Amino acid sequence: MTTETLLTVQDLEVTFNTPKGKVHAVRGVSFDLGRERLGIVGESGSGKSQTGRAILGLTAANGSISASKMKFHDVDLANLTPKQWRKVRGARISMIMQDPKYSLNPVMTIGNQIIEAYREHHKVNTKEARHRAIEMLEAVKIRDPQRVFDSYPHEVSGGMGQRVMIAMMLIPDPELIIADEPTSALDVTVQLQVMAILDDLVRDRGMALIFISHDLHLVSSFCDRVLVMYQGLVVEELRASELHNAKHPYTKGLLNCLPKMNGNHDDLPILEREASWAEG
Amino acid sequence: MIEISKLNAWFDDNHVLKDVDISVPENGSFGLVGESGSGKSTVLRTITGLVDDWEGTITVKGNQLGPKRDKDFYRLVQMVFQDPFGSLHPRHTIDRILTEPVNIHGLGNSDARVVEALKQVGLDNAFRFRYPHQLSGGQRQRVAIARALILEPKVLLLDEPTSALDVSIQAEVLNLLGRLRRDLGLTYIMVSHDLAVVAHMCDDIAIMNHGRIVERATAEQLAEGTLEHPYSQQLYKAAGGYDRAVVDTFVDWD
């Protein structure tokens with residue numbers, strides 16, 4: 001880990017206009033990111049995904065973003081034209097979504113989708129792109145890359161689909177990966193295998209990673225640093241190894257309410273929410 | 001309460017349950033754990049009559065089940081499904097959702113029963129005339145539990161009842177299920193992919209892989225981590241969080 005800062009986010013706010021009025025999804029999130037692994041954890045509606053999407057300018061049309069500063073190296077992410085975004089998305093920052101079933105194009109072979117991702121940012125001929133795509137499928141530990149290359153997304157399993165997603169997102173060699181619940185739809189062992197692949201690739205290529213998840217334990221065993229979000233606010237930031245020393249009652253409550261394998265059938269402690277946590 | 005022996009089931013040519021034996025005493029709580037495709041949900045679906053092609057014996061409260069389930073069976077056994085978004089009719093009010101089983105079984109007095117069922121699952125009476133989309137995931141799962149309870153069954157089949165919920169809501173629903181079992185003397189078979197949930201809720205546990213029970217354990221054995229089958233050991237390690245070195249020891253069980 002170096003001290004070089006890749007991404008600076010200050011006072012990020014995301015607001016949605018809905019028929020029922022304004023919804024304040026993210027309320028003043030700030031953080032700096034170096035070449036490290038940052039986890040963002042929270043329950044549904046905490047604003048963790050919206051934070052990730054805002055960094056890539058993927059907020060839905062009825063939403064608006066404001067930030068006093070949102071910079072990736074010297075690129076000001078707050079004021080990019082669609083054309084400038086295309087130079088950033090995929091090439092320099094890319095995103096792995098939760099469910100490969102819905103994030104891959106169902107009517108295009110996996111190979112062609114990876115080639116498309118690569119050629120969008122690299123001027124190479126088809127043969128070279130094909131070669132790179134197969135190499136990338138090997139890198140995500142797919143045993144029979146040629147078969148998967150020619151398959152359609154519905155022909156592969158969930159774990160395989162997510163490896164394909166990782167291959168596609170990593171092939172343009174971005175500096176920052178935002179992974180939004182990349183393994184939540186997978187079985188536990190497959191989930192850990194996919195994370196190991198992501199771990200190795202991110203480490204070998206010196207990428208930074210933002211890992212968004214609802215699973216506090218998983219994130220802290222995988223990341224260097226964790227932001228805990230509640231109702232659009234970061235309520236606590238801690239080193240992943242210091243999770244057991246969490247101070248905020250929300251973080252503690254989340255840890256306590258998990259069932260434990262200690263053979264104890266007593267009632268689980270219930271998370272009692274306090275109104276003050278949601279005050280900025 | 002429930003005795004299952006040599007249960008086999010097929011989806012067309014696909015042999016999905018292989019010689020499954022389960023025995024659950026009255027007021028017991030039995031947990032089935034496994035990954036997708038292990039057949040854990042199929043066991044519940046076969047008991048409740050949603051699978052046609054099966055062989056073996058299933059006995060519930062002394063009665064051996066045939067190919068069809070009658071109304072009496074459903075008064076005794078009810079199922080709660082995983083997805084509280086998909087299992088409630090979107091255009092029926094909670095009141096109508098809860099009244100329907102009462103009418104089907106001709107129990108009468110539906111008004112008082114609906115009030116009682118909502119109370120049992122800790123929902124305020126104000127929810128009674130709302131629609132499912134006006135409720136949160138946890139509240140919907142409580143409605144699904146209330147719908148099962150309204151027939152005063154003795155057995156609940158729980159198919160991943162909390163896996164679609166946030167952990168803080170999961171804790172509330174698990175506590176509710178624990179309390180209901182104590183108060184109403186219910187018998188549970190609970191299916192989950194989460195070892196910790198099953199260890200917390202159940203006395204006896206079976207670990208399934210590819211349609212077969214590969215290992216049985218008590219909650220105490222799980223607590224001590226003394227599992228013998230390599231597949232169960234792998235599941236146990238995976239539940240401990242991410243550890244790069246541990247992942248390298250994983251093998252595929254295809």
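Biologist: At about what angle does helix 10 of chain A run to strand 10 of chain A?

Modeller: This is a predicted model, in which local features need pLDDT of at least 70 and side-chain atom pairs count only at pLDDT 80 or more, while totals for chains, interfaces and linings use all residues. Residues are numbered from 1 along each chain as its sequence is written, chains are lettered from A and ligands numbered from 1 in the order in which they are written, and side-chain values use heavy atoms, leaving out hydrogens and water. Helices (H or I, at least four residues) and strands (E, at least two) are DSSP runs numbered from the N terminus, contact means heavy atoms within 4.5 Å, and angles, from 0 to 180 degrees, lie between the N-to-C directions of lines fitted to C-alpha atoms, for helices over the stretch in contact. Helix 10 (residues 249-256) of chain A lies across strand 10 and strand 11 of chain A, and its angle to strand 10 of chain A is about 95°.

Biologist: Which strands are the edge strands of the open sheet in chain A?

Modeller: Two strands pair if DSSP finds at least two bridges between them. The open sheet of six strands in chain A has mixed pairing and the order 7-8-9-3-10-11. Since an edge strand here pairs on one side only, the edges of chain A are strand 7 and strand 11.

Biologist: In strand 9 of chain A, which residue is the bridge partner of A:Ile178?

Modeller: Strand 8 and strand 9 of chain A pair in the parallel sense over five bridges. In strand 9 of chain A, the partner of A:Ile178 is A:Ile210.

Biologist: How many residues apart are A:Glu175 and A:Arg92?

Modeller: A salt bridge is a side-chain nitrogen of Lys or Arg within 4 Å of a carboxyl oxygen of Asp or Glu, and A:Glu175 forms one with A:Arg92, with the closest N and O atoms 3.4 Å apart. A:Glu175 is in the loop between helix 7 and strand 8 of chain A, while A:Arg92 is in the loop between helix 2 and strand 7, so the pair links parts of the chain whose separation is 83 residues.

Biologist: Is B:Arg128 buried or exposed?

Modeller: The side chains of B:Asp95 and B:Arg128 meet in a salt bridge at 2.7 Å, N to O. Buried means under 20% relative accessible area, exposed over 50%, and partly exposed in between (1.4 Å probe, protein chains only). Because its relative accessibility is 10%, B:Arg128 counts as buried.
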